[in-house]
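Please open the structure in your viewer and keep the selection panel at hand, since this tour moves from one selection to the next.

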Amino acid sequence: MHILHVVGARPNFMKAAPVISALEQRNGLRQTLVHTGQHYNANMSDIFFDQLGIPKPDFNLEVGSGTHAQQTAQIMSCFEPVVLEQKPDLVLVYGDVNSTVATALVCTKLGIPIGHVEAGLRSYDRKMPEEINRLLTDQMADLLFTPSIDGNENLGREGIDAKKVHLVGNVMIDTLMRLLPKANDEVLKELTGNGPGPTGPTQNQATEDTLPHQLIHGPYALVTLHRPSNVDDPAMLRSIIVTLNEISQKLPVILPIHPRTRQRLQGLNLPIDNAHLKLIEPIGYLQFLALQRRAKIVITDSGGIQEETTYLGVPCLTVRENTERPVTTVIGTNILVGQDMKKLKDEVNLILSGTGKKGTIPPLWDGKASERIAVVVEKWLNNKVDRL
Ligand code: UD1
């Protein structure tokens, strides 16, 4: 039996890694890995393969960037000949990026079964490209693996047969639990210019990208921003950066900057990258996890970071009006501040005064989600799970 996995963008890598590893333990299974190349910089892609122990991709489609239509079309036309030649019994796609929906669509048209890992999440905001990707991928999938019960409820409302849906838990947490012991002060040395660079020996000296030692070892806020709703609108981006500058007067801010955000900042003439608000290049998984677990506050618009902070018990302020991961706000440490900068500052103050929100770890965030997926996949391949 042959399983083909598709990854493309940074948030796919930590989801695919544990599933590939769990399926490796099964006899008689062959696995092929396709990287679409949606993310291609060393620090957006290669470093994750190294740190997460993901095998080298069998195919790299090298599609790169483009408009949504260009990127999606490019992935589809490059992926079709690969999947036709490989003839997998099942294709596993991850998360909600353009690579997910594009390859799912190719498979559906060819009659090749698909499993969707991280199915059923909904923000109910169709202005988000990821929401469209989630909705369409779930409509096409033959096997849907949900991280939490709200996923099953959403899929039920969309008329998806419950027999196809398997509540398995959160695969990202499998990776986090496995690698947390390695996300220690040692890997942070690399960020202060005192160790081998996160993307190779060339970053071994102190550069403008390194962090002062005292910054990492004192209290700080860790920030990530890349959603189009925050960074593609110059007025919004300006207002967020101005607010982060204000916050940084009380609590230093570390901002590993996504290439998309860096592009948008160019030409805005904003006061950024100073002693209190430190901009650095995107960093590896272990370095980011090490920074997260020590952070006083995380401020983000990412999906996965809302979950990681909930697991770590670190307060998270999400600069979005909605979330597809409501479990992080209902029982986790996450608070949606929307695009309201006053609320962001108020919540930071509450956390600094010690009265911030506390949370607990959601059910099935236990490090065993990928093992549960492997069990279902194996049964499904042996026709022991309903095929609809
Ligand atoms: C994508 C995902 C988003 C995910 C994010 C994580 C979609 C629709 N969006 O957004 O859900 O949260 O990845 O990072 O799939 N770029 C580089 N180098 C790279 C990759 C991107 O320079 O390795 C630049 C390019 O200029 C590109 C821009 O970043 O145009 C945006 O990249 P793209 O893959 O289109 O979307 P992301 O914003 O990264």
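Select the side chain of His 258 together with the ligand: in this predicted model, an N or O atom of that side chain is 2.9 Å from an oxygen atom of the ligand. Add Gln 263 to the selection, where a polar side-chain atom lies 2.7 Å from an oxygen atom of the ligand. Then show the backbone of Asn 98, because here the contact is made by the main chain, counted as a polar contact when N or O atoms are within 3.5 Å: a backbone N or O atom of Asn 98 lies 2.8 Å from an oxygen atom of the ligand.

Now show the surface of the ligand, which taken alone exposes 740 Å², with 89% of that buried by the protein. The space that the ligand takes is the largest pocket.

Next, select the shell around the ligand, which has 19 residues, and look for the closest of them, namely His 39, Tyr 40, Glu 130, His 226 and Gln 263. If you colour the shell by class, you will find 5 nonpolar, 10 polar and 4 charged residues.

Which helix gives the largest share of the shell? Select helix 12 (259–265), which supplies 3 residues, the largest share. Helix 1 (10–24) and helix 3 (68–86) can be selected after that, as each of them supplies at least two residues of the shell.

Finally, colour domain 1 (2–169 + 365–387) and domain 2 (184–352) separately: both give residues to the shell around the ligand, so the ligand lies between them.

Definitions and conventions:
Residues numbered from 1 in each chain as written. Predicted model: local features only at pLDDT ≥ 70, side-chain atom pairs only at ≥ 80, totals over all residues. Heavy atoms only, no water. Near = heavy atom within 4 Å. Polar contact = N/O pair within 3.5 Å; in protein donor to acceptor, adjacent residues only side chain to side chain. Areas by Shrake-Rupley, 256 points an atom, 1.4 Å probe, with all protein chains shown as cover. 1 Å grid on protein atoms, 1.4 Å probe; cavity = no way out; pocket = protein on both sides within 12 Å on 5 of 7 lines; lining within 4 Å. Sits in = over half its atoms within 2 Å of the grid points. Helix = DSSP H or I, 4+ residues; strand = E, 2+ residues; numbered from the N terminus. Nonpolar A, V, L, I, M, F, W, Y, C, P; charged D, E, K, R; others polar. Domains from an automatic or database assignment.
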